[in-house]
Amino acid sequence: MASNQHLPVIRIQDICTPLKAEVFSIFRHEDQGRASLPQPHKHDFYMLLVVTAGSGTHTIDFSPYPVTPGSVYFLAPGQPHDWELHPDTKGFQLMFGRDFLTGDTLQWPFFSFSANPHLQLEEAPLQAVVRELESILEEYALADYLTVRIITYRLLSLLTMLERRYDEAHPTTNQPPVQRLVKQFLAMLEKSYRENATVEHYAAQLHVTPQYLNIVCRKETGITAGNLIRRRLLLEARRLLSLTTQDVKEIAYELGFSDTSYFSRFFRRYTGQTPLEFRQQVQKVP
């Protein structure tokens, strides 16, 4: 396999047309999947591969995993993978962007670079997962004004179902200490990102240095603790700008910025747009 640094990075748009302006897609593997991938590559999105029939090998982060009915594979952005599957392999491929869900995304135990990316399901839980995937697929085909909201809730339900089975197969006690640390940080961040926007604050709460917290977050998620904090603030800012009528000053204060102009500079630095430009853009999207 080629070195991780030189692997091509694939977007959802390179595979299929995602749901409207949202970075989300789902399809049956037998309809659009491939028996083999021409070369190892990485994604810039999260992916689930659920196998209902077939065989082969799925190589993730340079480790081979067997493909059998009931196999579920979890891929986080930046994880290299390729596969060799029997042509009759069937199942589902589900993909979603980094910001499709809330900041909870990185708290799922299976979306970590050090986590085991493979889960084997027995027949009963596999059928429950398939029913949920079928419901998401039906809603995806409908694509009306409520589709994104419904898919979001169904995806959260699906991931929670898988987390229950994943925790049984891979108990938390077996998680590396750095993975547990990052999960603690993300849980704390989700509760207090509005009040606390510094790495130093969370590092002190976790009894580690800011440098160490940045290092382990990069190792587990691909980005530093500081970037995770900024990304969570920007996600909430985008939501408030697109889903509410609050003015920029109100949004800035709600997110913990005491100065509106500083919030506007912060938003523009990391998005390339002012808050008002972003709001005007999303209001034009049907």
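In helix H5, the buried residues are Val-178, Gln-179, Leu-181, Val-182, Phe-185, Leu-186, Leu-189 and Ser-192. The model described here is predicted. Helix H5 covers residues 177-192, and its end C-alpha atoms lie 23 Å apart. This agrees with the 22 Å that its 16 residues should span at 1.5 Å a residue. An α-helix has 3.6 residues a turn, so residues three or four places apart point the same way. The buried residues of H5 pack against three helices, namely H6, H7 and H8, the last of which comprises residues 225-243.

Two of these partners, H6 (residues 199-206) and H7 (residues 210-221), also meet each other: their axes come within 8 Å and cross at roughly 95°. H6 is therefore roughly perpendicular to H7, as the range for that class runs from 65 to 115 degrees. On the H6 side, the contact is formed by Val-199, Glu-200, Tyr-202, Ala-203 and Leu-206, while H7 contributes Pro-210, Leu-213 and Asn-214. Sorted by class, six of the residues in this contact are nonpolar, one is polar and one is charged.

Elsewhere in the model, strand S8 (residues 81-85) contains His-81. The relative accessibility of His-81 is 1%, so this residue counts as buried, the limit being under 20%. The side chain of His-81 is joined to that of His-43 by a polar contact of 3.2 Å. Leaving aside residues up to four places away in sequence, His-81 touches Leu-37, Pro-40, His-41, His-43, His-58, Thr-59, Ile-60 and Leu-75. His-43 thus appears both among the residues touched by His-81 and as its partner in the polar contact.

Terms used: Residues are numbered from 1 along each chain as its sequence is written. This is a predicted model: local features need pLDDT of at least 70, side-chain atom pairs count only at pLDDT 80 or more; totals for chains, interfaces and linings use all residues. Side-chain values use heavy atoms; hydrogens and water are left out. Axes are lines fitted to C-alpha atoms, for helices over the stretch in contact, and angles run from 0 to 180 degrees between N-to-C directions. Helices (H or I, at least four residues) and strands (E, at least two) are DSSP runs, numbered from the N terminus. Angles under 35 degrees count as roughly parallel, over 145 as roughly antiparallel, 65 to 115 as roughly perpendicular and the rest as oblique. Contact means heavy atoms within 4.5 Å. Ala, Val, Leu, Ile, Met, Phe, Trp, Tyr, Cys and Pro count as nonpolar, Asp, Glu, Lys and Arg as charged, and the others, Gly among them, as polar. Buried means under 20% relative accessible area, exposed over 50%, partly exposed in between (1.4 Å probe, protein chains only). A polar contact is a pair of N or O atoms within 3.5 Å; within protein, one must be able to donate a hydrogen and the other to accept it, and residues adjacent in sequence count only if both atoms are side-chain atoms. The expected span of a helix is 1.5 Å times one less than its number of residues.
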